[in-house]
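Thanks for making time this morning. I would like to walk through one model with you, and I will try to keep to what can be read from the coordinates.

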Amino acid sequence: MNSFEACREIKKILDQGIVPTENDINVIYETATGHKRYDYAHMVSDAEFEKIKELAERRASGEPLQYISGRWPFLDFEVRVDRRALIPRPETEILAETCIDLMYGRDHPVITDLCSGSGVLAISLKRAFPSALVTAVELSQDAAGLLRENSDELCGDIAIVNADVFLYQSEMPDGSQDLIVCNPPYITERDYANNYAELKEEPRMAFLGGDDGLSFYRHIIPAYRDKLSAGGIMAFEIGNEQADSIVSLFEQNGFSGVAVKKDYSSLDRIAYARVN
Ligand SMILES: C[S@@+](CC[C@H](N)C(=O)[O-])C[C@H]1O[C@@H](n2cnc3c(N)ncnc32)[C@H](O)[C@@H]1O
């Protein structure tokens with residue numbers, strides 16, 4: 001069987017469950033065979049075809065393409081992704097880039113990524129600043145396992161702490177951090193229940209931010225403020241309707257230089273501020 005015939009079979013299977021895109025077909029073909037779809041010289045073996053069918057059936061039943069691929073790009077690297085952790089989103093790349101800009105020129109910065117998941121933020125920062133002391137905090141043991149695999153492969157030398165950010169502040173010395181970055185769960189219970197059917201394949205605890213989606217910000221901003229060094233920065237990914245609340249939380253807790261940045265859809269998505 002050649003790639004043309006194999007891709008026609010993929011589409012037939014996908015049509016039974018979803019409206020497939022060309023990207024679905026390409027990723028399934030490439031993941032199963034290790035070859036590009038347009039590498040016509042490659043003949044698909046029986047074993048590869050069995051794999052193709054298995055992956056296409058998983059996708060047809062609604063599994064995200066990222067979990068099927070098992071790897072997904074983030075900035076200049078690819079992370080492993082699977083059901084143990086949230087799939088990294090393109091918006092989070094904006095947070096990573098913002099933090100890299102904000103840390104530029106600092107000598108040996110001390111950085112903590114709270115709610116680290118697959119580790120994309122911690123890894124981006126460690127790769128940008130090899131001399132940085134980076135800690136990644138994550139409550140889910142499953143996600144922390146994936147984080148370790150990603151950091152071992154992509155940068156190494158990140159301290160991974162399996163802990164609850166609602167308690168972890170007591171472990172952190174005052175004035176010790178140049179940057180605390182966090183993409184916390186920020187979806188409201190009601191929104192999660194009524195919308196976002198597409199999120200149900202990812203770990204629930206990656207999304208739920210309490211009744212109004214703000215519970216992590218409400219804890220982290222005051223509880224970790226004094227952990228920052230003079231000039232230290234706290235930076236978050238935020239829900240697109242949360243900017244006013246988070247700006248107020250920063251201001252009420254004595255931060256300055258509060259800034260909000262938008263995502264690729266022009267929605268408020270990043271908020272950061274510094275301590276003097
Ligand atoms: C929105 S995801 C962000 C993951 C990753 N930082 C990213 O940007 O792709 C939130 C993460 O917070 C973790 N989490 C949830 N509650 C937590 C808690 N109380 N303490 C630490 N981590 C928590 C979840 O397991 C999940 O990995």
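I will go from the domains to the ligand shell, then to the cores, the hairpins and a few single residues.

Please keep in mind throughout that this is a predicted model. The protein chain is divided into domain 1, residues 3–69, and domain 2, residues 84–274, and the centres of these two domains, taken over C-alpha atoms, are separated by 34 Å.

Let me turn to the ligand. Its surroundings comprise 24 residues, of which Cys-115, Gly-117, Leu-139, Val-165 and Asn-183 are the closest. Two elements each contribute two or more residues to that shell, namely helix H6, residues 120–128, and strand S4, residues 133–138. By residue class, the shell holds 16 nonpolar residues, six polar ones and two charged ones.

Helix H6 deserves another moment, and Ala-122 is a residue of that helix. Is Ala-122 buried or exposed? There are 31 other C-beta atoms within 10 Å of Ala-122, and since the threshold for burial is 20 or more, it counts as buried. Beyond its neighbours within four places in sequence, Ala-122 is in contact with Asp-113, Ser-116, Val-134, Ala-136 and Ile-158. Asp-24, by contrast, is 98 residues from Ala-122 in sequence, and their C-alpha atoms are 29 Å apart.

Now to the nonpolar cores. The largest has 56 residues, and the members that touch the most others are Val-181, Met-234 and Ala-235. Another core, of 13 residues, lies apart from it and includes Ile-10, Ile-28, Ile-52 and Leu-65. As general background, nonpolar side chains in soluble globular proteins tend to be buried together. Coming back to Ala-235, and again leaving aside neighbours within four places in sequence, we find it in contact with Leu-95, Thr-98, Cys-99, Leu-102, Leu-179, Val-181, Ile-270 and Tyr-272.

Next come the two hairpins. Strand S8, residues 256–262, pairs with strand S9, residues 268–274, in the antiparallel sense over five bridges, and Lys-262 stands opposite Asp-268 in S9. Five residues lie between these strands, and in this hairpin Ser-266 takes a positive phi near 60 degrees. Strand S1, residues 71–74, and strand S2, residues 77–80, also run antiparallel and are joined by four bridges, with Pro-73 opposite Glu-78 in S2. The S1 and S2 hairpin has two residues between its strands, and there Leu-75 has a positive phi near 45 degrees.

Why remark on the sign of phi at all? Most residues other than glycine have a negative phi. Two loop residues belong in this discussion as well. His-108, which is not a glycine, has a positive phi of about 45 degrees, and it sits in the loop between helix H5 and strand S3. His-108 is exposed, because only 9 other C-beta atoms lie within 10 Å, and the limit is 12 or fewer. Asp-157, likewise not a glycine, has a positive phi of about 55 degrees and lies in the loop between helix H7 and strand S5. With 11 C-beta neighbours inside 10 Å, Asp-157 therefore counts as exposed too.

I will finish with Glu-9, which is placed in helix H1, residues 3–15. Glu-9 is partly exposed, with 17 other C-beta atoms within 10 Å. Although Glu-9 and Lys-53 are 44 residues apart in sequence, their C-alpha atoms are 8.1 Å apart in space.

How values were computed: Residues numbered from 1 in each chain as written. Predicted model: local features only at pLDDT ≥ 70, side-chain atom pairs only at ≥ 80, totals over all residues. Near = placed C-beta within 6 Å. Nonpolar A, V, L, I, M, F, W, Y, C, P; charged D, E, K, R; others polar. Domains from an automatic or database assignment. Pairing = 2+ DSSP bridges. Core = buried A, V, L, I, M, F, W, Y, C linked by C-beta atoms within 7 Å. Contact = placed C-beta atoms within 7 Å.
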